[in-house]
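Hi there,

Here is the structure I promised to pass on. Have a look at it first, and my notes follow below.

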Amino acid sequence: MPRFLCSLLLICLFVLGDYATVSHSQLKCKSKLKGVPVHPDDVEQIRFALNLEFLETDWFLHGALGYGLDKVEPALAMGGPPAVGAKKANLDKVTRAIIEEFGYQEVGHLRAITSTVGGFPRALMNLTATNFAKIFDDAVGHTLSPPFDPYKSTVNYLLASYVIPYVGLVAYVGTNPSIRGHVSKRLLAGLLAVESGQDAVIRTLLYERAKELVHPYNRTVAYFTSRISHLRNQLGGCGRKDEGLFVRKRAGAEGKTSSNILSADTRSLGYARTTAEVLSIVYGTGDESKPGGFLPNGGNGEIARGYLKRNDETIHI
Ligand SMILES: *[C@@H]1O[C@H](CO)[C@@H](O)[C@H](O)[C@H]1NC(C)=O
Ligand SMILES: *[C@@H]1O[C@H](CO)[C@@H](O)[C@H](O)[C@H]1NC(C)=O
């Protein structure tokens, strides 16, 4: 009998101990969250990001696989038209694997955003080689001959990729201060983390090739990155928030490096851009009310459509 009691006690202690461990570890894994999960003011601000996420999804998926969202997860496009001109890029094996992963990550981002704040249809997107050629011409300040083809080689595709995720990154940094709900904040931080990771990988791959010439232009990879960053600063119209792979030492980390693998401010913090700046860049027009570039008919969602309406009103007056 005492032996039986003893075993019972041991079992009880074991079970209780186990419960204690479980509840302790569960507490450890859950942060205490205050306030509303998603504030009504968060909804359109987070949805706005879909414009960039759609762009990246089809850019990366097509580049790696030769097909895009319409094959992978058509429902997420919500009936929006397919991207014009997107196609499989001529990538080396390692880059192709990286870009494929990025493409699927973007699908995850679309799902995370739409399931949290709802979505809107994908806007018409211009991913033609001609659109990129125009951006590269604008960046270098003359017509490149032959026209820049983003799909032609690994280095060309990486340079073209340098154009997009960075804009998403600075947009998330810009949106963050006005987000109020804890679920919205968690979503935004998670998106920002992966976007900046993608940008870092792209920039590192380019950094390894920084001194190489981009065939047949007799210009280095580093040169193209500074020209693209310069163009984005011009289009954004709000000062220097974008830097190429090399900078003057005083603009580098702690004023001590001229290498600039990551673009960051004097405190090494990521730059922030408003939705209007972001659209000015993505439209390639320097004006959030004049669509063009990657989004020929403009972005979707209340924020992007709101800027366009302002333009319509001006025209009608
Ligand atoms: C895509 O951009 C190129 C270059 O600006 C332009 O010629 C072409 O018409 C655009 N396509 C669409 C569908 O807007
Ligand atoms: C290539 O560019 C370098 C420096 O920008 C210049 O010195 C050289 O003459 C150029 N070569 C050709 C073939 O244009």
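Let me begin with a small puzzle: does L65 count as buried, partly exposed or exposed? Please keep in mind that this is a predicted model. L65 lies in helix α3. It has 16 C-beta neighbours inside 10 Å, and a residue needs 20 or more to be called buried, while 12 or fewer would make it exposed. L65 therefore counts as partly exposed. Leaving aside neighbours within four places in sequence, L65 is in contact with K88, E100 and G103. R96 is 31 residues from L65 along the chain, and the C-alpha atoms of the two are separated by 8.3 Å.

Now for the overall picture. The chain comes to 12 helices and 0 strands. Of its 317 residues, 41% are buried. Among contacts between residues at least 6 apart in sequence, 67% join residues at least 24 apart.

Next, the core. In soluble globular proteins, nonpolar side chains tend to be buried together. The largest nonpolar core here has 75 residues, and the members that touch the most others are A49, M125, L159, Y162, V167 and V282. Helix α3, residues 50-65, supplies the largest share of this core, with 8 residues. As for Y162, its contacts beyond four places in sequence are I202, L206, T225 and I228.

Two helices are worth a look on screen. Helix α6 covers residues 129-140, and its 12 residues reach 16 Å from first C-alpha to last, close to the 16 Å expected. Its buried residues are N131, F132, I135, F136 and A139. Seen down the axis of α6, these buried residues fall within an arc of 135 degrees, so they line one face of the helix. The general background is that an α-helix has 3.6 residues a turn, so residues three or four places apart point the same way. The cover over the buried residues of α6 includes α7 (154-163) and α10 (221-236). Just after α6, G141 takes a positive phi of about 90 degrees.

Helix α10 has 16 residues and reaches 23 Å between its end C-alpha atoms, close to the 22 Å expected. Among its buried residues are Y223, F224, T225, I228, R232 and L235. The buried residues of α10 pack against α6, α7, α9 and α11 (275-282). Here too a glycine follows: just after α10, G237 has a positive phi of about 70 degrees.

You may also want to find S196, which sits in helix α9, residues 182-208. S196 is partly exposed, with 19 other C-beta atoms within 10 Å; the cut-off for buried is 20 or more. Away from its neighbours within four places in sequence, S196 is in contact with L169 and G270. S196 and G270 are 74 residues apart in sequence, yet 9.2 Å apart in space, C-alpha to C-alpha.

Finally, the ligand. Which residues are around ligand 1? They are V84, N126, T128, T130, N131, K134 and P296. By class, this shell has 2 nonpolar, 4 polar and 1 charged residues. N131 appears twice in these notes, as a residue around ligand 1 and as a buried residue of α6.

Happy to go through any of this with you.

Best wishes

Methods: Residues are numbered from 1 along each chain as its sequence is written. Chains are lettered from A and ligands numbered from 1 in the order in which they are written. This is a predicted model: local features need pLDDT of at least 70, side-chain atom pairs count only at pLDDT 80 or more; totals for chains, interfaces and linings use all residues. A residue is near a molecule or strand if its C-beta atom, placed from the backbone, lies within 6 Å of it. Ala, Val, Leu, Ile, Met, Phe, Trp, Tyr, Cys and Pro count as nonpolar, Asp, Glu, Lys and Arg as charged, and the others, Gly among them, as polar. Helices (H or I, at least four residues) and strands (E, at least two) are DSSP runs, numbered from the N terminus. The expected span of a helix is 1.5 Å times one less than its number of residues. The arc is that of the directions from the helix axis to the C-beta atoms. Two residues are in contact if their C-beta atoms, placed from the backbone, lie within 7 Å. A nonpolar core is a set of buried Ala, Val, Leu, Ile, Met, Phe, Trp, Tyr and Cys residues joined through C-beta atoms within 7 Å.
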